[in-house]
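Student: I am new to this structure. Please take me through its inner spaces and its cysteines, in short steps.

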Amino acid sequence: MKRSAINRAIRRAEDLLATHHWTLPVWGRWTAENFRQDPETARYLTRHQMGWDVTDFGSERFDEIGLVLFCLRNGIVGGEGEITYAEKLLVVEEGQVTPSHLHRAKMEDIINRAGGVLVIEFCPADDDGAVIERELTVLVDGIATTLKPWEQLRLEPGQGVTIPPGLYHRFYGEQGRGVVLVGEVSKVNDDQTDNYFLDPIGRFSTIEEDEAPVRLLWNEAGR
């Protein structure tokens, strides 16, 4: 993924956050120079996977398969004295798919905070990650909702769904309804070890440096 495309995605995300009156922590607006001036904070953020994350999942088709995330708070799995929860913001464009994946450890709530309509599809899996074609029940704001495998669940602004470990899910913004600002509240998160994709893809992008970064990604800040 080209750095220029990452920069555009982050600028668009920042505009969306401003539109919906969301303000990031001060380091969410830092440049590379700010991180160089405060290496202790930079190392903390990278260790905790906090900050900007832009990925095309190795597809090289970010507009179709991709996601912008910002991790606001997170612990370290198994770390003594660490917090045991995480919070993220996600920017989901119309028709932009986050591919089918599950988590073995993480339970999460995915919430439509503002904007368009978020569509999520689910399917159960066995212990080996094979799809099980059977009905499932999820909690939508505490209300039990039964769905067929891969049936669309549409979340309007304000609605959220609880996703237990071991359940495949993919999501995207509904066409014609606008970009979606999504919140994620979960158990402590480790994106390097707890993402299991149904199809063989990558969680992180290989970056082609065609211009300077407007913001560093979380895995770059503390290098």
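Student: Is C71 buried or exposed, and what is its relative accessible area?

Tutor: Start with a caution: this is a predicted model. In it, C71 has a relative accessible area of 2%. Buried means under 20%, so C71 is buried. C123 can be read the same way. Its relative accessibility is 0%, so C123 counts as buried too. As for disulfides, the structure has zero. A disulfide would be a covalent bond between the sulfur atoms of two cysteines.

Now turn to the cavities. The structure holds three of 30 Å³ or more. The largest has about 150 Å³ of space. Its lining is made of 18 residues. Nearest its centre lie L67, L69, H101, H103 and N195. Several strands give two or more residues to this lining: strand 2 (67-73), strand 3 (85-92), strand 4 (98-102), strand 5 (108-115) and strand 11 (167-173). By class, seven lining residues are nonpolar, five are polar and six are charged.

Go next to the second largest cavity. About 70 Å³ of space lies there. It is lined by 14 residues. W27, F35, G51, W52 and L216 lie nearest the centre of this cavity. Two elements give two or more residues to its lining: strand 1 (51-55) and helix 4 (218-221). Here the classes are eleven nonpolar, two polar and one charged.

Note on methods
Residues are numbered from 1 along each chain as its sequence is written. This is a predicted model: local features need pLDDT of at least 70, side-chain atom pairs count only at pLDDT 80 or more; totals for chains, interfaces and linings use all residues. Side-chain values use heavy atoms; hydrogens and water are left out. On a 1 Å grid over the protein atoms alone, a cavity is a set of points where a 1.4 Å probe fits but cannot get out, and a pocket is an open set with protein on both sides within 12 Å along at least five of seven lines; lining residues have an atom within 4 Å of a point. Grid points are joined across faces, edges and corners, and a volume is the space filled by probe spheres set on the points. Helices (H or I, at least four residues) and strands (E, at least two) are DSSP runs, numbered from the N terminus. Ala, Val, Leu, Ile, Met, Phe, Trp, Tyr, Cys and Pro count as nonpolar, Asp, Glu, Lys and Arg as charged, and the others, Gly among them, as polar. A disulfide is a pair of cysteine sulfur atoms within 2.5 Å. Buried means under 20% relative accessible area, exposed over 50%, partly exposed in between (1.4 Å probe, protein chains only).
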